[in-house]
Structure formats: C-alpha cells, structure tokens
Amino acid sequence: MSDLKQDLARLKSNFDEAVTQVLTSQAVEQLKVQFLGKKGEMTSILRGMGGLSAEERPLAGQLANQVREHIEGQIEAVLTTIKEKEKNVRLKMEKIDVTIPGTRLPQGARHPLTKVIDEICGVFLGLGFSIAEGPEIELDKYNFEMLRIPEGHPARDTQDTFYITEKMVLRTQTSPVQIRVMIEQEPPIKIVCPGKVYRSDALDATHSPIFHQIEGLVVDKGVTMGDLVGSLQLFARQLFGEKTEIRLRPHHFPFTEPSCEVDITCWNCGGAGCRTCKGEGWIEVLGAGMVHPGVLKNCGIDPDVYSGFAFGIGVERTAMGRYGIDDIRNFYENDLRFLRQFR
Ligand code: PHE
C-alpha cells in the first residue's frame, strides 16, 4: 500500500512538473495520453492494486481518483489558457493592414491601330452607320466569287491568298462582310466593317501578311456618287483637319462601277508638296466606287430599285500617315518604347 501511495505521489509531482513545460495544445493532449491514457502511467500503477487486501483497495482507489481528478483539472485549465493564446497569435498573423499602399500595375495604352479604327468608325457612327463584323476564315464564294472575282480572274493575282481548303480562304479584304450583310438584310443598309485581313505577302517596311481594313457600304434607293463624295469629304475633314480636300482618280475594282482611288491633300504640307507626299501634295487613302449591279443581284437586291456605294480604307496606311510611322512592322512587334508614344 505504501508503495502505491509513493507511486501516485511521484506520478502527481511528475505531472505537475511536466505541465509547466507545455506550450501548445497538442503537447497538452500528449501529456494527457502519457499520464492518463490506456497505456499511460496511471494505468500501470493501478495494475499493482491487484496485490492489495480488500480493506486497502477502496482507500487506494480513492487516492488514485484524487490524483486523476487533479490531473484532469490541471489539463483543462492549461488547455484553456493555451487555446486562448493560440487564438490571439492567429488573429495577429491574419491581420490585414489596409493602409499599406498597393502594388501598382504598369499602365498600358490603346494600340495606335485600335485608336485609328475607333476614330474612323466614330466618324461613320456619327453619320448613322452601324458596325458589322464577319469571320476571318471566309468562303471563297464571299471573298471572291460573289464580288465578281471568279476563279482565274486576274484580280485574284493582286491578292495573294492563304487558302485553308479549295473553298475557304483567310479573307483578303473586308468586302465579304458586305456580301454577308446584303444577303441577310433588306436595304437601307449603312455599315462600316473593321477587321483583320490576310495576304500572302512577305513582311517588309510597307507590307504585312496581316493588316486591317475598314470597309464602308451604303445601299438604298437613289444613292449616287455624290453621296459617296460627300461622305468621304466629311470623313477626311474630321480625321485630317477642316482644310483637307479629297480627289478621286478613276480606277478599277471588280465589285464597283465606276471605281476610283481617293487621295486627300497631304496632312503634312496641306498640298504644297513635301517629303511625306513625295512632292505630290496628295496622298492615297482608300478605294471606293458604286456597288456593281451584278454584286447587288448576287445578293438578291434589285439593282433597278436600289443603288449603293462602297469604300475600303487601309488602317495601317492611315495610321502611318497620321503618326509619321515609317515602318509597318512597328505595329506588330509589341515594343513598349514604340507603344508608349501613343498614351
Ligand atoms: N476591298 C478593296 C481592296 O481591298 C478596297 C475597296 C473596298 C474598294 C470597297 C472599293 C470598294 O483593295
């Protein structure tokens, strides 16, 4: 009996010593297992009770229970304090200082081509046009045939084409969007079609296999060449300044008749002649004409009732002129030193 008493006293003092050392709730749990667990120290001491007499046993039990209650009480108290501490540490760690200045993201700018497209479309939106778009992988039929450029037509040679299949191409112009709109929509039609076009040209200072066009199309009753001239005049003045004049030179496109190329007075010298316009005083900016009656007919529009005009603007060329850019490759190289100039 006195052995058992001693053992329990030692257990208690061992525990009291150990409990002052624990710092984490995990360590407290371990302590509990060590002293009170199934394979713990208390269990092995109680095993010795088998050798006690019947009078001694209840006394020993009482003693053991006192020690057990003491240990349990201590463990609970320590656990509460430690958990509180742990919570405070966590709260401190998770605290966010909302007054710290944020990380600044470098500011970008709109690409000069996007700017010019938006500006040109803006002028025509102001004239009551709406924007139409079409696929860049286009049917040969819409890109060529219905625009009166049948297979073998020499006009195909001037548009070196990327063929996807025999019947599908990367569109060489935005003109197929006209076809799509005219097939689907009854006149009056007033649209501008901005977009990428593709030609199998080698990349150099003035050529790129991908570039941008904006096509315009108006179809209604009684539309004349005068309407075309008036619209383009207004476009040129809004984009290049009030004093800008336009000049039409006869040209040929298979899908317009009559057709013309349109020049504007040089944005640099105003028409006197300088290096920008190579002494001409004029700069070519677009192709245009009255929609060929055959094209209208191809799209189910009666050319005896309706007429229309169309024009196509090269975006890169316009942007190069406006901003004095001498190499088309600048647009596609993503050089920040170039792009930052257009902020
Ligand atoms: N699609 C022609 C081209 O790419 C431009 C154009 C459009 C000409 C509309 C006249 C009318 O060359």
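Biologist: What makes an oxygen atom of the ligand and the side chain of Arg199 a polar contact?

Modeller: Good place to start, and remember that this model is predicted. The ligand oxygen is 3.1 Å from an N or O atom in the Arg199 side chain. A polar contact needs a pair of N or O atoms within 3.5 Å, so this pair counts.

Biologist: How do you know that Ser175 and Gln213 make polar contacts with the ligand too?

Modeller: The reasoning runs along the same path. In Ser175, a polar side-chain atom lies 3.0 Å from a nitrogen atom of the ligand. For Gln213, the distance from a polar side-chain atom to a ligand oxygen is 2.8 Å. The cut-off is 3.5 Å, so both pairs qualify.

Biologist: How much of the ligand does the protein bury?

Modeller: On its own, the ligand exposes 330 Å², and the protein buries 90% of that.

Biologist: Which elements give two or more residues to the shell around the ligand?

Modeller: Those are strands S5 (210-220), S8 (282-291) and S9 (307-314). The largest share, 3 residues, comes from S9. The residues around the ligand include Phe253, Phe255, Ala310, Phe311 and Gly312.

Biologist: What makes Gly312 one of the polar residues in that shell?

Modeller: Gly is counted among the polar residues by definition, so Gly312 goes into that class. By class, the shell has 5 nonpolar, 5 polar and 2 charged residues.

Biologist: Let's turn to the helices. Why are H2 and H4 called roughly antiparallel?

Modeller: The axes of H2 (residues 25-36) and H4 (residues 56-93) cross at roughly 170° and come within 9 Å. Angles over 145 degrees count as roughly antiparallel, and therefore H2 and H4 get that name.

Biologist: Which residues make the contact between H2 and H4?

Modeller: Among them are Val28, Phe35 and Leu36 of H2, along with Ile71, Ile75 and Leu79 of H4. By class, this contact has 8 nonpolar, 1 polar and 6 charged residues.

Biologist: And why are H1 and H4 called roughly parallel?

Modeller: Here the axes of H1 (residues 2-19) and H4 cross at roughly 5° and come within 10 Å. An angle under 35 degrees counts as roughly parallel, so that is the description for H1 and H4.

Biologist: Which residues of H1 and H4 meet?

Modeller: On the H1 side they include Leu4, Leu8, Leu11 and Phe15, and on the H4 side Leu63, Val67 and Ile71 are among them. The residues of this contact divide into 12 nonpolar, 2 polar and 3 charged.

Technical notes:
Residues numbered from 1 in each chain as written. Predicted model: local features only at pLDDT ≥ 70, side-chain atom pairs only at ≥ 80, totals over all residues. Heavy atoms only, no water. Near = heavy atom within 4 Å. Polar contact = N/O pair within 3.5 Å; in protein donor to acceptor, adjacent residues only side chain to side chain. Areas by Shrake-Rupley, 256 points an atom, 1.4 Å probe, with all protein chains shown as cover. Helix = DSSP H or I, 4+ residues; strand = E, 2+ residues; numbered from the N terminus. Axes fitted to C-alpha atoms, helices over the stretch in contact; angles between N-to-C directions. Parallel < 35°, antiparallel > 145°, perpendicular 65-115°, else oblique. Contact = heavy atoms within 4.5 Å.
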